[in-house]
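Got the model open in your viewer? Switch to cartoon view and let's walk through the strands together.

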Amino acid sequence: MFKKVAFLAVVGAAVASHSASAAQQTGTMAVTATINASCTLATNPLAFGSLTNVNGSPIQVQTTVDVDCTTDSPFNIGIDYGSNPSGSTRRMASGANLLTYTVSIDGYGVTAFGPISSYLSPNNYSSPATGNNGLHSVTIWGEIPSQSTPPSGSYSDTLTVTLQY
């Protein structure tokens, strides 16, 4: 019995001395992740409905542009002048006939929307710097100002809405 215990003690000491002499090195490992800004844009029609004349009080309607961001990123919205502009005046067309209208950021005819450019225009909607994750509905104010009533017809225009984030 003594020989058996002595043998186990010798084997145990050999194993212990082998693991005690093992070399070690440490290093660092970088761990990174990049969260990219991600937003989607959904537009809704700006519909003035059926009209009989436009030479009285302005005709005013609202719609929304919906922006949904997954990150807390500021964003800007710009709207071009449409398919039938005269400078920065927006016009719907029915054949050769034209009907002037406005699209504003902050109330009927107050600040007209403009396209996104290389600089931030006062004619773009700018979100707050923070708190932009989630759905935002931005009100678009449309108005047909008083003008001579054009011939009857279906008037339309196409606007390009740009979301920059």
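Start with the three-stranded sheet: this open sheet runs in the order S6-S3-S8, and its pairing is antiparallel. Select 125-126 for strand S6 and 161-164 for strand S8; these two stand at the edges with a single partner strand each, so one side of each has no neighbour in the sheet. Keep in mind that you're looking at a predicted model.

Next, pick residues 76-79, which make up strand S3, and keep S8 on screen: the two pair in the antiparallel sense over four bridges. Want one pair to zoom in on? Click Asn 76, then find its bridge partner in S8, Gln 164.

Now move over to the other sheet. Here five strands form an open sheet in the order S1-S2-S7-S5-S4, again with antiparallel pairing. Select 39-43 (strand S1) and 90-94 (strand S4): each stands at an edge with a single partner strand, so one of its sides is left without a neighbour in the sheet. Rotate the view a little: on average, neighbouring strands in this sheet are turned by 30° against each other, direction ignored.

Stay at the S1 edge and add residues 59-69, strand S2. S1 and S2 pair in the antiparallel sense over five bridges. For a single pair, show Ala 42 and its bridge partner in S2, Asp 66.

Last stop: colour by confidence. The protein chain has a mean pLDDT of 86, with 83% of its residues at 70 or more. Where is confidence lowest, and where is it highest? Select residues 2-20, helix H1, for the lowest, at a mean of 52, then go back to S4 for the highest, at 98.

Key:
Residues are numbered from 1 along each chain as its sequence is written. This is a predicted model: local features need pLDDT of at least 70, side-chain atom pairs count only at pLDDT 80 or more; totals for chains, interfaces and linings use all residues. Side-chain values use heavy atoms; hydrogens and water are left out. Two strands pair if DSSP finds at least two bridges between them. Axes are lines fitted to C-alpha atoms, for helices over the stretch in contact, and angles run from 0 to 180 degrees between N-to-C directions. pLDDT is the predictor's confidence in each residue, from 0 to 100.
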